[in-house]
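Got the model open in your viewer? Keep the selection box handy and let's walk through it stop by stop.

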Amino acid sequence: MQCRTIFIAALLYFTALLLYCSAAGAPTPWEIDDVVGKRAPDFTLKDIDGRDVSLSSLRGRVVLINFWATWCPPCRSEMPSLNSLYKEYRGKGLVVLAISTDRRMSDVKDYVSKNIFEFQILLDPDMRVSRRYKVFSIPTTFLIERNGVIIKRFLGEEDWGSPEIRNEIKKALSR
């Protein structure tokens, strides 16, 4: 009886997920692989100071795009190591863009004012860019080569100081 209840609950959950993804125009979980190996969709978003930032203006640099939100504990948890990674590799051509999916700019500004991040914080309140990158959970991060092609997608919280990730960054910077 208990297995049947769990199965029915799981079935209802995945049905609801598919309906939500369909209604929101978001990708289903099995569609997320579509972006790796393809050119990163260009975008222009406002930073927290109201300035426009476009991905195309960063061509020729390695870009790490992190989709996050202030209400997301794993997102907040990985921010210090992401900042450390950026500080170590920015002089070698790495750009980090942290794209907040929060709906209210005031939430983002409040969070950022209490923390020190040296990378750029951008705002995607309508999740227009998130949908183009087929982000269905946060944090999700993309590593983009100098030529604008997505070479790696990281799902969930990462330790940006790990040797494996550092090697991925070094490899991308050496291309």
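In which helix does Ser106 lie? Select Ser106 and you land in helix α3. Keep in mind as you go that this is a predicted model. With 45% relative accessibility, Ser106 counts as partly exposed. Now add Ile48 to the selection: Ser106 and Ile48 are 58 residues apart along the chain, and 9.3 Å separates their C-alpha atoms.

**The sheet**

Next, colour the strands. You should be looking at an open sheet of seven strands with mixed pairing, and reading across gives the order β2-β1-β5-β4-β3-β6-β7. Go out to the edges and you'll find β2 (52-54) and β7 (150-155), each with a single partner strand, so one side of each has no neighbour in the sheet. Ignoring direction, neighbouring strands here are turned by 30° against each other on average.

Now bring back helix α3, this time as the whole stretch of residues 105-113. Helix α3 packs on the sheet, where it touches β3, β4 (94-100) and β5 (120-123). Line up α3 with β5 and compare their directions: the angle between them is about 165°.

Zoom in on one pair of strands: β3 (residues 62-68) and β6 (residues 140-144). How many bridges link β3 and β6, and in which sense do the two strands pair? There are five bridges, and the pairing is antiparallel. For a landmark, pick Phe67, which stands opposite Thr140 in β6.

**The disulfide**

Select Cys72 and Cys75 and show their side chains. A disulfide joins the two, with an S to S distance of 2.4 Å. You can stop hunting after that, since a search of the whole structure finds one disulfide. Which hand does the disulfide of Cys72 and Cys75 have? The torsion about the S-S bond is about 75°, so this disulfide is right-handed. Turn on a surface, and note that both Cys72 and Cys75 are buried.

**Two helices crossing**

Helix α2 (residues 73-89) is the next thing to select, together with helix α5 (residues 163-174). Their axes come within 12 Å and cross at roughly 35°, and the crossing of α2 and α5 is right-handed. Show side chains at the contact: from α2 you want Ser84, Leu85, Glu88 and Tyr89, which meet Arg166, Ile169, Lys170 and Leu173 in α5. Colour that set by residue type and the contact splits into four nonpolar, one polar and three charged residues.

**Backbone oddities**

A last stop for the backbone-minded. Most residues other than glycine have a negative phi, and most peptide bonds are trans. Here are three places to check against that.

- Met127 sits in the loop between β5 and α4. Its phi is near 60°, a positive value in a residue other than glycine. At 28% relative accessibility, Met127 is partly exposed.
- Lys134 is in the loop between α4 and β6. Lys134 also isn't a glycine, yet has a positive phi of about 60°. Its relative accessibility is 23%, so Lys134 counts as partly exposed.
- Pro139 lies in the loop between α4 (128-132) and β6. Select Ile138 along with Pro139 and look at the link: a cis peptide bond joins them, with omega about -5°.

Key: Residues numbered from 1 in each chain as written. Predicted model: local features only at pLDDT ≥ 70, side-chain atom pairs only at ≥ 80, totals over all residues. Heavy atoms only, no water. Disulfide = S-S within 2.5 Å. Buried < 20%, exposed > 50% of the residue type's maximum accessible area, 1.4 Å probe, protein only. Pairing = 2+ DSSP bridges. Helix = DSSP H or I, 4+ residues; strand = E, 2+ residues; numbered from the N terminus. Axes fitted to C-alpha atoms, helices over the stretch in contact; angles between N-to-C directions. Contact = heavy atoms within 4.5 Å. Left-handed = near helix turned anticlockwise from the far one by under 90°. Nonpolar A, V, L, I, M, F, W, Y, C, P; charged D, E, K, R; others polar.
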